[in-house]
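Trainee: Before we go into detail, could you show me the model and help me reason through it step by step?

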Amino acid sequence: MSSSEINKNEVDIVIGALNADLTQFLNSWKPFFSGFHLIIVKDPELKDDLNIPEGFDVDVYSKPDIEKVVGAANAAMFSGYSCRYFGYLVSKKKYIVSIDDDCVPAKDPKGVLVDAVSQHVTNLENPATPLFFNTLYDPYCEGADFVRGYPFSLRSGVPCAASCGLWLNLADLDAPTQALKTEQRNTSYVDAVMTVPLKAMLPISGINIAFNRELVGPALVPALRIAGEGKVRRWELYGLPCAHAAAALISCGQNVHMFAEPCFTVSSYQQTYSGVIKEVADRRMWKEEGGEGGLMRIRPPKTRRPPGRPKKKVVRVENLKRPKRIVQCGRCHLLGHSQKKCTQPI
């Protein structure tokens with residue numbers, strides 16, 4: 001499916017703006033963003049005004065817009081890279097394509113720019129095949145077909161809910177591995193579309209993703225997240241760069257130690273203990289009440305009588321473990337009742 005065949009009125013491109021100047025980013029994507037509606041959500045903590053070049057159909061949302069929709073108390077949830085989720089929320093289109101403002105279009109081995117937007121929409125328009133693995137390629141792409149043994153009853157596929165894209169340059173590794181392999185880069189361009197099998201898990205990111213809003217729902221957000229995630233991450237919580245940040249700083253030739261909080265430096269440690277630390281008084285230095293050689297008298301704590309009448313303790317015969325007294329009537333001389341309650345005739 002070419003970009004000319006895509007119904008652009010069904011697509012919103014959502015961009016989370018953490019950088020104020022979007023000129024270079026938008027101009028690099030202009031051949032592929034042309035004709036599409038853009039939703040740019042400004043990071044609530046970004047103070048500078050956005051610089052957006054002309055020639056784009058764009059709606060910009062900032063902190064007052066976020067607070068108006070979700071309330072001031074919940075606005076912090078959309079800070080940092082999480083601001084893109086607000087764009088998912090306010091969009092009314094069938095498809096959402098999400099691209100971060102620090103990404104540029106990749107080039108294939110021939111040096112041609114890759115239209116990631118059209119590829120995402122094409123994936124969402126075509127069925128997915130999670131029930132039977134079609135080896136190495138998409139059976140719905142032009143010139144392809146189903147592999148040998150693919151059941152005919154499953155060839156209609158199921159609706160595609162999400163299209164998860166990849167990226168070049170920085171390797172998509174976990175934090176500890178990335179910290180050890182700071183120089184590793186991903187340079188292998190793969191021109192293939194594969195369906196994730198049913199009940200399989202995969203890493204997902206809002207950096208380069210598209211999804212069917214009618215199938216997934218009004219928002220595609222993380223299931224578990226810390227307060228203020230996207231801006232207040234481990235680095236800002238603990239004052240030390242996380243493994244991802246350390247790997248990125250080392251790859252850029254920066255000194256990681258310069259990005260830690262001053263309290264972790266040796267100079268701060270020395271300054272903390274530079275003064276005189278007085279010893280803590282032990283038993284030998286306690287003051288004795290009776291003077292020299294006397295004994296310390298420990299007095300009971302001061303107490304006050306509680307308000308109200310004191311409760312009277314009732315002593316029951318059952319608690320004394322002795323037999324009960326048998327009552328004898330003084331009128332009929334029978335046992336078991338008193339003279340007051342006697343009903344016997346005389």
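Trainee: What does the secondary structure of the chain come to?
Mentor: Keep in mind that this is a predicted model. Counting the elements along the chain, the secondary structure comes to ten helices and eight strands.

Trainee: What percentage of the residues in the chain is buried?
Mentor: A residue is called buried when its relative accessible area is under 20%. With that cut-off applied to the 346 residues in the chain, the buried share is 28%.

Trainee: Is helix α4 mostly covered or mostly uncovered, and how many of its residues are buried?
Mentor: Helix α4 spans residues 116–125 and is mostly covered. Among its buried residues are A116, V117, H120 and L124. Of the ten residues in this helix, the number buried is eight.

Trainee: Which elements do the buried residues of α4 pack against?
Mentor: To answer this, we look for the elements whose heavy atoms come within 4.5 Å of those buried residues. One helix, α1 (23–33), is a partner, and the strands on the list are β1 (11–17), β4 (95–99), β5 (162–164) and β8 (208–212).

Trainee: Why is N123 classed as buried?
Mentor: N123 lies in helix α4, and it is listed with the buried residues of that helix. The limit for buried is under 20% relative accessible area, so N123 qualifies because its relative accessible area is 19%.

Trainee: Which residues does N123 touch, not counting residues up to four places away in sequence?
Mentor: We set aside the residues up to four places away in sequence from N123. The contacts of N123 are then with C160, S163 and V193.

Methods:
Residues numbered from 1 in each chain as written. Predicted model: local features only at pLDDT ≥ 70, side-chain atom pairs only at ≥ 80, totals over all residues. Heavy atoms only, no water. Buried < 20%, exposed > 50% of the residue type's maximum accessible area, 1.4 Å probe, protein only. Helix = DSSP H or I, 4+ residues; strand = E, 2+ residues; numbered from the N terminus.
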